[in-house]
Amino acid sequence: MKLNADVGEGFGVWSMGDDAALMPYIDMANVACGGHASDPLTMRQTVRLAKQYGVAVGAHPSYPDIAGFGRRPLPIPHSEAALHMLAQLGALAAIASTEKVIIDYVKPHGALYNCMMDDLDLMEELMTALARSQFDIPLMILGTASHRAHTKLAERLGVSLLFEAFADRRYTPEGRLQSRAIETSVYHETQQILDQAEQIISQQQIVSSDGSRIKIPVDALCVHGDNQESIETVKSLRALF
């Protein structure tokens with residue numbers, strides 16, 4: 001199991017999170033590539049930072065919605081959403097190639113990630129676009145109780161999957177991420193995050209908001225590191241790993 005985090009989410013002179021402090025403690029970097037945040041200079045800087053610490057680089061594309069940070073579902077055709085994913089993946093891959101870095105996987109961001117998990121047709125469209133592209137890389141999705149159906153779809157389309165879990169997010173009884181609109185959806189207490197991480201690592205299960213336990217497949221554990229307090233939490237997670 002690998003530890004991953006969303007990085008490169010600045011834009012121009014504005015920065016979000018301390019990627020330089022975070023990068024030494026993670027295995028996989030989900031790099032924003034223009035849909036919800038980032039620009040060419042930020043992408044290059046983030047790729048260089050990942051290369052410096054031997055961290056795998058993944059593309060983190062979203063709906064084209066910088067103003068909403070990619071967290072608003074857009075009413076566009078699934079095929080168009082897939083094209084935006086490929087365009088952002090291609091932009092990051094081109095910039096990374098100048099640093100002799102390859103893209104190892106793709107993980108949709110925000111609303112695109114959540115909509116993909118809610119809508120199997122959208123997931124299929126994203127998988128199909130990825131399979132038809134030049135990028136022979138895995139698609140990272142949320143590990144849920146429905147993982148067998150997701151695996152079967154991916155196998156039919158010729159795409160490999162990476163299953164992800166979240167150390168700092170509350171889960172619904174259906175095994176999905178609870179909406180950020182609900183105040184308690186993001187954990188901030190270090191011990192609470194570590195307890196959930198330990199449960200995921202040792203038992204590959206999560207405890208949902210109603211107390212039920214759900215078994216999930218996990219290849220990668222995601223944590224957010226966009227403030228100094230969370231950097232300390234990531235250090236503790238690294239020690240737990």
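**Salt bridges in the predicted model**

I begin with Glu232, which is partly exposed because its relative accessibility is 39%, between the limits of 20% and 50%. I should say at the outset that this is a predicted model.

Glu232 is paired with Lys235 in a salt bridge, and 3.4 Å separates the closest N and O atoms. Lys235 is likewise classed as partly exposed, at 33% relative accessibility. Both residues belong to helix α8, which covers residues 228–240, and they are 3 residues apart, about one turn of the helix.

Let me now turn to the whole structure. How many salt bridges does a search find? The search finds 8 salt bridges. As a general matter, side chains of opposite charge can pair when their charged atoms come close.

Consider next Asp6 and Lys107, whose side chains form a salt bridge with an N to O distance of 3.3 Å. This pair connects distant parts of the chain, 101 residues apart: Asp6 sits in strand β1, residues 2–7, and Lys107 in the loop between β4 (103–106) and α4 (110–118). Are these two residues buried or exposed? Asp6 has a relative accessibility of 13% and therefore counts as buried. Lys107, at 2%, is also buried. The two residues do not stand alone, for a network of salt bridges links Asp6, Lys107 and Glu164.

My last example is the salt bridge between Arg72 and Asp65, at 2.5 Å from N to O. Here Asp65 is buried, with a relative accessible area of 6%, whereas Arg72 is partly exposed, at 44% relative accessibility.

Note on methods:
Residues are numbered from 1 along each chain as its sequence is written. This is a predicted model: local features need pLDDT of at least 70, side-chain atom pairs count only at pLDDT 80 or more; totals for chains, interfaces and linings use all residues. Side-chain values use heavy atoms; hydrogens and water are left out. A salt bridge is a side-chain nitrogen of Lys or Arg within 4 Å of a carboxyl oxygen of Asp or Glu. Helices (H or I, at least four residues) and strands (E, at least two) are DSSP runs, numbered from the N terminus. Buried means under 20% relative accessible area, exposed over 50%, partly exposed in between (1.4 Å probe, protein chains only).
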